[in-house]
Amino acid sequence: MDKEQIVFTIILHAGNARSYCFEALALAREGKHTEASARLGKATQELKKAHSMQFDLLQAEANGEKQEMSLLLIHAQDHLMNASLAKDLIKELISMVREKQLSSVGMNNVEQGE
């Protein structure tokens with residue numbers, strides 16, 4: 001695989017990961033936490049694939065192969081970083097959504113018991 005293909009593969013997997021993360025958040029807001037967790041699992045797998053490709057580039061450079069800096073490579077790195085950040089933040093948001101939903105259920109049970 002040439003460098004351009006590697007860069008596009010990083011963009012592909014990072015984009016997939018980001019999409020899975022936002023799907024997970026939407027599912028969590030609907031109370032579908034098992035499905036949300038599965039989407040986060042898919043996001044993790046996509047990020048692993050992107051990181052693997054990034055590692056190949058880093059390893060090649062560490063072995064003396066100079067990497068030409070290109071706007072496309074910077075774009076790929078930006079996608080990867082944003083997808084990683086999105087996953088971390090969305091995991092926290094899902095926890096908050098779940099806590100709110102659980103507390104709402106408890107409040108509804110109290111209200112119904114009166």
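## Overall architecture

The chain contains 3 helices and 0 strands, and, when followed along the sequence, its elements are arranged in the pattern α-α-α. The radius of gyration is 19 Å, well over the 13 Å that the globule rule gives for 114 residues, so the chain is more spread out than a compact globule. The C-alpha trace spans about 75 × 20 × 15 Å along its principal axes. The coordinates belong to a predicted model, and the descriptions below should be read in that light.

Two of the helices recur in what follows: helix H2 covers residues 33–62, and helix H3 covers residues 71–113.

## Contacts and surface of the chain

Among the contacts in the chain with a separation of 6 or more, 79% are between residues 24 or more positions apart. Of the 114 residues in the chain, 30% are buried. The chain exposes about 7700 Å², of which carbon and sulfur atoms supply 55%.

## A buried glutamine in helix H2

Gln-54 is found in helix H2, and because its relative accessibility is 18%, below the 20% under which a residue is called buried, Gln-54 counts as buried. When residues up to four places away in sequence are not counted, Gln-54 touches Ile-10, Gln-77 and Leu-80. Of these partners, Gln-77 and Leu-80 have positions that fall within the 71–113 range of helix H3.

## The annotated position His-75

The UniProt record, an unreviewed entry, places the feature "active site" at His-75, and the annotation may be inferred rather than shown by experiment. In the model, His-75 is found in helix H3. With a relative accessible area of 37%, His-75 is partly exposed, because this value lies between the 20% limit for buried residues and the 50% limit for exposed ones.

## A nonpolar surface patch

Met-69, Leu-71 and Ile-74 form a nonpolar patch on the surface, and together these residues have about 370 Å² of accessible area. Met-69 is placed in the loop between helix H2 and helix H3, whereas the positions of Leu-71 and Ile-74 fall within the residue range of helix H3, so that the patch draws on both the loop and the helix. Met-69 has a relative accessibility of 60% and therefore counts as exposed, the limit for that class being over 50%.

Terms used. Residues numbered from 1 in each chain as written. Predicted model: local features only at pLDDT ≥ 70, side-chain atom pairs only at ≥ 80, totals over all residues. Heavy atoms only, no water. Helix = DSSP H or I, 4+ residues; strand = E, 2+ residues; numbered from the N terminus. Buried < 20%, exposed > 50% of the residue type's maximum accessible area, 1.4 Å probe, protein only. Patch = residues over 30% accessible without salt bridge, like charges linked within 9 Å, V, L, I, M, F, W, Y side chains within 5 Å. Areas by Shrake-Rupley, 256 points an atom, 1.4 Å probe, with all protein chains shown as cover. Salt bridge = Lys/Arg side-chain N within 4 Å of Asp/Glu carboxyl O. Rg over C-alpha atoms; globule rule 2.2 N^0.38 Å. Contact = heavy atoms within 4.5 Å.
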